[in-house]
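Grab a pencil and try each exercise before you read its solution. Keep the 3D view open while you work.

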Amino acid sequence: MLSIKVLFISLSSLVSVSIVTETSVKSNIKINQKNIKFTDTIKPIVYLDSTSFKDDKTFKDNWNMFYPWGTDHNGTASMFPENVKLKTGGILEITADWNKGKDEGKSTSDPHLPIAFHSGAIHLKRQITVSQQLPNWEISGDFQAPTLFGSWPAFWITGAKSWPPEIDMLEFKGNTFCWQNTVTGKDWRNTIWTTEKTNLPDAALVWHNYKVTLEYIDEANSKVKMYIDGILKSEEIKDYTNKPFWLIMNLQMEGASGQTDDTAIIKKQSTKFRAKNVYVAAKPNKCN
């Protein structure tokens with residue numbers, strides 16, 4: 001009987017110690033939880049930051065001159081490298097000048113308008129693709145965009161293998177309304193355009209920030225959000241997943257922004273399109 005009693009006491013002690021220990025641990029957890037901050041530790045991969053316009057070498061490491069397909073597009077301006085300049089403070093400036101009526105042929109792109117201006121365009125060397133591996137993208141920049149009749153500045157991404165797709169984060173067509181567009185469709189003959197317009201009377205003089213974010217939804221669709229100065233302007237679901245894009249900044253002239261005569265302001269003085277702080281980043285999938 002003595003040995004049985006000792007065993008009982010010993011087991012009771014163990015049980016008691018176990019209960020106390022468990023209570024202590026639970027208490028500590030409750031205390032510590034007050035100090036825990038849950039944060040997303042996945043850092044974005046920054047492909048482009050505010051330094052890309054700081055000097056010629058950095059610019060050439062990141063950007064190519066012209067459109068990805070050449071010097072012409074759908075307006076009356078042909079692109080020349082001398083019309084793209086780096087300015088103090090990390091600013092890139094594109095200048096468009098009238099050719100004073102000189103016959104320089106027609107644009108090689110539809111609708112094949114006669115070339116009347118020398119201007120500039122650049123595109124990012126790296127392509128942008130929303131995928132399961134890189135599901136979240138941000139593209140943004142600060143711009144002073146001309147709004148004179150006949151001027152057609154744009155900051156946009158377009159399909160690298162086909163058109164559509166297209167997203168215009170900034171597009172002014174000869175007035176103070178910024179067009180933010182998405183384009184989808186099975187081919188260039190069958191397109192669906194979605195447009196949000198914002199009136200920015202001071203767009204040519206004041207720096208405004210234009211941004212798009214792209215978020216992977218599934219193997220076909222992505223969520224597209226567009227902003228101006230941090231204010232959400234549109235939110236759409238588009239079939240952009242796994243489609244590579246080129247990022248382009250250009251100053252086209254006339255075309256959709258209006259045909260002009262010899263008295264137009266854009267033919268009497270240079271037209272300027274300025275950019276700084278252009279940013280491109282993607283956040284990897286947490287499972288990668």
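Below are four exercises on this predicted model, each with a worked solution.

**Exercise 1. The sheet**

Work out which strands stand at the edges of the seven-strand open sheet.

*Solution.*
Step 1: Write down the strand order, which is β2-β7-β16-β9-β10-β11-β12, with antiparallel pairing.
Step 2: Look for strands that have a single partner. These are β2 (63–65) and β12 (190–199), so each has one side without a neighbour in the sheet.
Step 3: Add the twist, which averages 20° from one strand to the next.
Step 4: Zoom in on one pair. Strand β7 (residues 121–124) runs antiparallel to strand β16 (residues 245–253), and three bridges link the two. Here you'll find histidine 123 facing isoleucine 248 of β16.

**Exercise 2. Threonine 95**

Decide whether threonine 95 is buried or exposed, and find its side-chain polar partner.

*Solution.*
Step 1: Locate threonine 95 in strand β5 (residues 91–98).
Step 2: Check its relative accessibility. The value is 9%, and buried means under 20%, so threonine 95 counts as buried.
Step 3: Look for the polar contact. The side chain of threonine 95 meets that of lysine 272 at 2.9 Å.
Step 4: Scan the surroundings. Beyond four places in sequence, threonine 95 touches several residues, including His118, Leu251 and Ser270.

**Exercise 3. The core**

Find the residues with the most contacts inside the largest nonpolar core.

*Solution.*
Step 1: Recall a general trend: in soluble globular proteins, nonpolar side chains tend to be buried together.
Step 2: Go to the largest nonpolar core, which has 57 residues; Ile139 and Leu247 have the most contacts inside it. Strand β16 gives the most to this core, with seven residues.
Step 3: Follow isoleucine 139 outwards. Leaving aside neighbours within four places in sequence, its contacts include Phe155, Met169, Val212 and Leu247.

**Exercise 4. Odd backbone spots**

Find which peptide bonds into proline 111 and proline 164 are cis or trans, then check phi at asparagine 242 and asparagine 277.

*Solution.*
Step 1: Keep the usual picture in mind: most residues other than glycine have a negative phi, and most peptide bonds are trans.
Step 2: Check the prolines. Aspartate 110 and proline 111 are joined by a cis bond with omega about 15°, and the bond from tryptophan 163 to proline 164 is cis too, with omega near -10°.
Step 3: Check the asparagines. Phi is positive at asparagine 242, about 65°, and at asparagine 277, about 55°.
Step 4: Place them. Asparagine 242 sits in the loop between β15 (231–238) and β16, while asparagine 277 belongs to strand β17 (residues 271–283).

Notes
Residues numbered from 1 in each chain as written. Predicted model: local features only at pLDDT ≥ 70, side-chain atom pairs only at ≥ 80, totals over all residues. Heavy atoms only, no water. Pairing = 2+ DSSP bridges. Helix = DSSP H or I, 4+ residues; strand = E, 2+ residues; numbered from the N terminus. Axes fitted to C-alpha atoms, helices over the stretch in contact; angles between N-to-C directions. Buried < 20%, exposed > 50% of the residue type's maximum accessible area, 1.4 Å probe, protein only. Polar contact = N/O pair within 3.5 Å; in protein donor to acceptor, adjacent residues only side chain to side chain. Contact = heavy atoms within 4.5 Å. Core = buried A, V, L, I, M, F, W, Y, C linked by side-chain atoms within 4.5 Å.
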